[in-house]
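The following exercises are to be worked with the sequence and the coordinates at hand. Each task is followed by a solution in steps.

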Amino acid sequence: MSNYSQVSITVVRRLPIYHRYLGDLLRKGTNRISSQELSNLTGFTASQIRQDLNNFGGFGQQGYGYNVQELYDEIGKILGLDREYKVVVTGAGNLGHAVTSYRGFKEAGFNIIGVFSKNPDNPRYAMRNMEVKHFNGLEEFIKENNIDIGIITTSKDYAQETADLYVKCGIKAIWNFATIDLVVPEDVALENVRLSESLYTLSYYLKNKEEE
């Protein structure tokens, strides 16, 4: 099995972008593409694209470019999209509902099989086509179902408690939407999603645009 642990996280974050554009090309019936053409689509330089892909062995042929289907499949394998993951969500408010309802996750192999909340009987936490279970049963559920990924959409008051329970149960990947910096062991992958920070960045650019 290949070891990509030394690859820069900056490179890793570009891979899903390449994968998305290649998927669009496949749906349009495109069979091959050059690094320059991929550059025109993604906004990254052709040289950067080649360097990124060379971290994983390189997939193009000089004078031909890349086979779109093969590159799409290979990047999918690198990203781990050639398998399915069992996912649990803790937090059943509006954000939890949005995450759970997004069909794209299941299509990509991320199967949300459980949703938990401290207040599962609250009618505003009702989930479409999925029962909201009480947080007290989360530990047993994780162990019984061999959960791969834990998603946190709780308030920040309960986020660390949830993360600690995920770690205790052996979960090695956490997707955190709570507005708090979680503390997890080094062997646990933590991805933070800061919706407000992204919006504030957009506000910054808008403000400076207006002042120009």
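**Exercise 1. The faces of helix α2**

In the predicted model, helix α2 spans residues 35–42, and its buried residues are Ser35, Leu38, Ser39 and Thr42. Determine how the buried residues are arranged about the axis of α2, and state which elements they pack against.

*Solution.*
1. Viewed down the axis of α2, the buried residues fall within an arc of 105°, so they line one face of the helix.
2. The general rule behind this reading is that an α-helix has 3.6 residues a turn, so residues three or four places apart point the same way.
3. The packing partners of these buried residues are α1 (9–27), β1 (32–33), α3 (46–54) and β2 (66–67).
4. Just after α2 comes glycine 43, which adopts a positive phi of about 90°.

**Exercise 2. Two salt bridges that involve helix α1**

Arginine 14 pairs with aspartate 52, and arginine 27 pairs with aspartate 24. Describe each pair by its N to O distance, its place in the chain and its accessibility.

*Solution.*
1. General principle: side chains of opposite charge can pair when their charged atoms come close.
2. For arginine 14 and aspartate 52, the N to O distance of the salt bridge is 2.6 Å. This pair links distant parts of the chain, since arginine 14 belongs to helix α1 and aspartate 52 to helix α3, 38 residues apart.
3. Both arginine 14 and aspartate 52 are buried, the cut-off being under 20% relative accessible area.
4. For arginine 27 and aspartate 24, the side chains meet in a salt bridge at 2.6 Å, N to O. The two residues are three apart in helix α1, so about one helical turn separates them.
5. Arginine 27 has 64% relative accessibility and therefore counts as exposed; aspartate 24, at 30%, counts as partly exposed.

**Exercise 3. A bridge between loops, and a network**

Locate the partners of the salt bridge between aspartate 187 and lysine 172, and identify the residues that shared salt-bridge partners join into one network.

*Solution.*
1. The closest N and O atoms of aspartate 187 and lysine 172 are 2.6 Å apart.
2. Aspartate 187 lies in the loop between β7 (173–176) and β8 (189–192), and lysine 172 in the loop between α8 (156–168) and β7, so the salt bridge ties together parts that are 15 residues apart in sequence.
3. With a relative accessibility of 43%, lysine 172 counts as partly exposed.
4. The network consists of Glu139, Lys143 and Lys168, joined by salt bridges that share partners.
5. The count for the model comes to 11 salt bridges.

**Exercise 4. Strand β4 and its neighbours**

Establish how far strand β4 is covered, and how it is joined to β3 and to β5.

*Solution.*
1. Strand β4 comprises residues 110–117; six of its eight residues are buried, leaving the strand mostly covered.
2. Strand β3 (residues 85–90) runs parallel to β4, and six bridges join the two. Within this pairing, valine 89 has valine 115 of β4 as its bridge partner.
3. Strand β5 (residues 132–134) is also parallel to β4, with three bridges between them. Here phenylalanine 116 stands opposite lysine 133 of β5.

**Exercise 5. A side chain in helix α5**

Is threonine 100 buried or exposed, and which backbone oxygen does its side chain reach?

*Solution.*
1. Threonine 100 is placed in helix α5, residues 94–101.
2. Its relative accessible area is 16%, so threonine 100 is buried.
3. The side chain of threonine 100 reaches the backbone oxygen of glycine 96 at 2.7 Å.

Technical notes: Residues are numbered from 1 along each chain as its sequence is written. This is a predicted model: local features need pLDDT of at least 70, side-chain atom pairs count only at pLDDT 80 or more; totals for chains, interfaces and linings use all residues. Side-chain values use heavy atoms; hydrogens and water are left out. Buried means under 20% relative accessible area, exposed over 50%, partly exposed in between (1.4 Å probe, protein chains only). Helices (H or I, at least four residues) and strands (E, at least two) are DSSP runs, numbered from the N terminus. The arc is that of the directions from the helix axis to the C-beta atoms. Contact means heavy atoms within 4.5 Å. A salt bridge is a side-chain nitrogen of Lys or Arg within 4 Å of a carboxyl oxygen of Asp or Glu. Two strands pair if DSSP finds at least two bridges between them. A polar contact is a pair of N or O atoms within 3.5 Å; within protein, one must be able to donate a hydrogen and the other to accept it, and residues adjacent in sequence count only if both atoms are side-chain atoms.
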